[in-house]
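Notebook open, coffee poured. I want to go through this one entry by entry and jot down what I looked up.

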Amino acid sequence: MDSLLGAAIGLGTAAVAVPAAVGILGFSGAGIVVGSIGAKMMSAAAIANGGGVAAGGLVATLQSIGAAGVPTAVTAATTAIGAALGALKNIFG
């Protein structure tokens, strides 16, 4: 039973909590929201990188999640980790 609860928590985290948090920061499907924390992060990243935002960096990754959601592989991995932690609780609990 704990492994099912862990899986549900992992799935909820990946499918709901992460995209919600990214949206609150200002990363959206329409781009980075003006005046948001995301805009400040993008500005700082651009200054640090000589005018551009590095591909694969934190800002780019958060914007990708804001635009498209959490990738299926990450959702599956987070769900599996939650299930494994629940199972370990049963074993060592």
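**Handedness, before anything else.** I call a crossing left-handed if the near helix is turned anticlockwise from the far one by less than a right angle, and right-handed if the turn is clockwise. With that in hand I checked helices α2 and α3, and their crossing is left-handed.

**Confidence.** This is a predicted model, so I pulled the pLDDT next. The protein has a mean pLDDT of 87, and 98% of its residues reach 70 or more. Where is confidence lowest, and where is it highest? I found the lowest mean, 82, in α4, and the highest, 95, in helix α2, residues 37–48. A reminder to myself: where pLDDT is low, the predicted coordinates should not be read in detail.

**α2 against α3.** Back to the left-handed pair. I got axes that come within 9 Å and cross at roughly 145°. On the α2 side I noted M41, M42 and A45, which meet L58, V59 and L62 of α3.

**α1 against α4.** Two packed helices are described by the angle between their axes and the distance between the axes, and I wanted both numbers here too. Helix α1 (residues 2–25) and α4 have axes that come within 6 Å and cross at roughly 150°. Angles over 145 degrees count as roughly antiparallel, so α1 is roughly antiparallel to α4. I logged the crossing of α1 past α4 as right-handed. The contact list runs to D2, S3, G6, A7, G10, L11, T13 and A14 from α1, set against T75, T78, T79, G82, A83, G86, A87, K89 and N90 from α4.

**T75.** I picked this residue out of the α4 contact list. T75 is buried because its relative accessible area is 15%, and the cut-off for buried is under 20%. Leaving out residues up to four places away in sequence, T75 touches L11, A14 and V70.

**A80.** Also in helix α4, which covers residues 72–92. Is A80 buried, exposed or partly exposed? At 45% relative accessibility I have to file A80 as partly exposed. I also took a C-alpha to C-alpha distance from A80 to G57: 25 Å in space for 23 residues in sequence.

**The core.** Which residues make up the largest nonpolar core? I listed seven: V22, F27, A45, V59, L62, I65 and V70. Helix α3 (residues 58–68) gives the largest share of this core, three residues. In soluble globular proteins, nonpolar side chains tend to be buried together. I followed L62 a bit further: with residues up to four places away in sequence not counted, L62 touches V22, F27 and M41. M41 turned up earlier too, on the α2 side of the α2 and α3 contacts.

**Walking along α3.** I checked three more residues on this helix.

- L58 sits in helix α3. I get 58% relative accessibility, so L58 counts as exposed. From L58 to T79 the C-alpha distance is 22 Å, with their positions 21 residues apart in sequence.
- Q63 is in helix α3 as well. Q63 is buried, since its relative accessible area comes out at 17%. I found Q63 touching F27, S28, G31 and I32, not counting residues up to four places away in sequence.
- S64 is another α3 residue. I put S64 down as partly exposed, given a relative accessible area of 43%. S64 and A21 are 43 residues apart in sequence, and I read 13 Å between their C-alpha atoms.

**I47, last entry.** This residue lies in helix α2. Is I47 buried or exposed? Its relative accessible area is 68%, so I47 goes down as exposed. I also checked I47 against V59: they are 12 residues apart along the chain, and their C-alpha atoms are separated by 13 Å. V59 itself is on my list for the largest nonpolar core.

Note on methods:
Residues are numbered from 1 along each chain as its sequence is written. This is a predicted model: local features need pLDDT of at least 70, side-chain atom pairs count only at pLDDT 80 or more; totals for chains, interfaces and linings use all residues. Side-chain values use heavy atoms; hydrogens and water are left out. A nonpolar core is a set of buried Ala, Val, Leu, Ile, Met, Phe, Trp, Tyr and Cys residues joined through side-chain atoms within 4.5 Å. Buried means under 20% relative accessible area, exposed over 50%, partly exposed in between (1.4 Å probe, protein chains only). Helices (H or I, at least four residues) and strands (E, at least two) are DSSP runs, numbered from the N terminus. Contact means heavy atoms within 4.5 Å. pLDDT is the predictor's confidence in each residue, from 0 to 100. Axes are lines fitted to C-alpha atoms, for helices over the stretch in contact, and angles run from 0 to 180 degrees between N-to-C directions. Angles under 35 degrees count as roughly parallel, over 145 as roughly antiparallel, 65 to 115 as roughly perpendicular and the rest as oblique.
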